[in-house]
Amino acid sequence: MMETTTVYYHNRSYIQNDTSDDVPMECYQKINATGLFDFIIYGVLINFIGLFGILGNTISMIVLSRPQMKSSINYLLIGLASCDTLLIISSILIFGLPSIYVYTGYLFNYQFFVYPKIVKYLYPISCTAHIATVYLTLTVTIERYIAVCHPLKARSFCTCGRARLAFLSIVTFATIYNIPKLLEIEIYTEKHWKYNVVIYCLRPARLRDNNIYVTVYVHWMYFFVCYTIPLFALIIFNTAIYRRVRKANRDLQQLTHHQRREIGLATMLLCVVIVFVICNILPLTSNIFETFIYDPPRWLVQVGNLLVTINSSINFIIYVIFGRKFKRIFMKLFCGSGILFGRDRDSPEFQTHDESSVTNVSNMTNIELRNSIRHNHLNRTNTIGRNNNVHITNGGTRQSIRLSNRPNSPGTLVYYPACNSMRNLNKVIKISSDQNGWNKNNNNDTLM
């Protein structure tokens with residue numbers, strides 16, 4: 001989370017620093033005033049974890065956007081990953097890169113020429129991305145609650161259209177809510193003490209000095225809108241989901257394949273929410289400090305921002321650990337495991353009964369096909385006459401269909417589970433028959 005505390009806590013501390021002539025100052029801040037701890041938290045950890053998070057979220061969006069992953073929940077997760085990525089980028093630009101200069105002296109041009117000009121826009125963007133991630137997490141939880149606890153309503157409520165509308169609504173609300181933050185920062189110039197060049201610095205704008213604005217908007221509204229309301233809702237919905245998952249695990253044998261898949265997905269997203277709550281405890285504490293007491297300790301703000309960056313970067317790992325389908329597609333796309341699984345539709349995750357039937361038939365040799373057709377043609381009449389049954393062969397598995405009061409079929413009656421399978425089977429047999437001199441003139445049976 002890019003707290004409102006963070007930027008202005010620093011600005012107030014700059015003004016309170018000792019301004020005696022014998023202490024070099026840059027934008028009212030002592031040189032190297034933040035020390036090694038600030039450099040490790042922001043300059044090392046946030047930058048490193050942030051780069052990993054950007055990579056992981058990009059991969060997540062690619063995997064979740066695959067055709068076989070299309071669903072309402074995955075659409076919301078793509079939106080969550082995009083907002084997390086935007087939050088990470090803002091975190092690196094606001095905290096990660098400036099802390100490198102403060103401790104090491106590198107990135108001077110970024111610190112005093114680029115950063116002051118972009119932070120005015122990055123700060124509202126980061127707050128927008130944070131609020132969007134909070135409410136997208138809540139929306140994902142509500143979607144899972146409906147799918148698991150009210151499955152009969154899931155068909156009408158959990159649709160891609162509703163997910164798209166929810167995402168756009170959340171982003172619009174978060175953007176409008178954070179528009180006032182564009183007016184909270186001012187840029188001023190001063191001459192650098194060492195290089196004797198004009199540099200750009202930041203300070204709170206006049207709006208930030210308004211007590212009513214700070215009390216109502218910055219403290220109380222942020223406390224309720226960003227934390228209290230969504231966190232209580234997350235606790236309520238996830239408690240209901242957890243109870244349903246526990247009950248489902250006790251009755252696992254009675255669940256259908258679809259229900260097991262929904263329960264597994266709910267378990268994975270339950271882990272996402274747990275990580276979200278854990279990583280936002282310290283930022284919530286920091287916000288409580290600022291709302292009810294005074295400025296929070298600096299280390300609390302720093303560690304809180306680090307935890308928010310971790311939360312935005314770790315969902316990819318949760319998907320890989322708990323999402324079997326996600327992991328399989330990821331391995332096939334990025335780890336070269338397509339050799340192990342073959343094409344998408346050949347892998348165990350995507351193979352259907354129809355495809356297995358066609359595959360089994362297509363693996364039969366031409367001689368087996370010809371013998372099977374001859375056998376059915378010669379024994380059809382005798383078989384029906386003796387026991388009024390038709391014995392068929394489907395990929396090597398014998399099945400029996402009882403005929404009752406039906407006229408004799410002019411050809412062999414073959415049952416396959418879908419029309420596509422029958423068309424593919426006819427094509428395979430036709431090609432094989434033509435290659436071995438078998439056609440309609442030689443065989444009067446028609447495959448249905």
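A search of the whole structure finds 3 cavities of 30 Å³ or more. The structure is a predicted model. The largest cavity has a volume of about 40 Å³, and α4 (108–149), α7 (211–250) and α8 (257–279) each give two or more residues to its lining. Beyond the cavity, this briefing covers the contact of α4 with helix α6 (residues 160–177) and the antiparallel pairing of strands β3 and β4.

**Largest cavity**

- The lining of the largest cavity consists of Val-140, Thr-141, Arg-144, Asn-238, Ile-241, Ala-266, Leu-269, Leu-270 and Val-273.
- Helix α8 supplies the largest share of this lining, with 4 residues.
- By residue class, the lining of the largest cavity comprises 6 nonpolar, 2 polar and 1 charged.

**Packing of α4 against α6**

- Helices α4 and α6 pack at an angle of about 145°, and their axes lie 9 Å apart.
- The crossing in which α4 passes α6 is right-handed.
- On the α4 side, the contact is formed by Thr-128, Ile-131, Ala-132, Tyr-135, Leu-136 and Thr-139.
- These α4 residues meet Ala-166, Phe-167, Ile-170, Phe-173, Ala-174, Thr-175 and Tyr-177 in α6.
- The residues of the contact of α4 with α6 divide into 10 nonpolar and 3 polar, with no charged residue among them.
- Helix α4 thus takes part both in the contact with α6 and in the lining of the largest cavity.

**The β3–β4 hairpin**

- Strand β3 (residues 185–191) pairs with strand β4 (residues 198–204) in the antiparallel sense, over 7 bridges.
- Within this pairing, Ile-187 stands opposite Leu-202 in β4.
- Glu-190 has Ile-199 in β4 as its bridge partner.
- The hairpin of β3 and β4 has 6 residues between the strands.
- In this hairpin, Asn-196 takes a positive phi near 55°.

How values were computed. Residues numbered from 1 in each chain as written. Predicted model: local features only at pLDDT ≥ 70, side-chain atom pairs only at ≥ 80, totals over all residues. Heavy atoms only, no water. 1 Å grid on protein atoms, 1.4 Å probe; cavity = no way out; pocket = protein on both sides within 12 Å on 5 of 7 lines; lining within 4 Å. Points joined across faces, edges and corners; volume = space filled by probe spheres on them. Nonpolar A, V, L, I, M, F, W, Y, C, P; charged D, E, K, R; others polar. Pairing = 2+ DSSP bridges. Axes fitted to C-alpha atoms, helices over the stretch in contact; angles between N-to-C directions. Left-handed = near helix turned anticlockwise from the far one by under 90°. Contact = heavy atoms within 4.5 Å.
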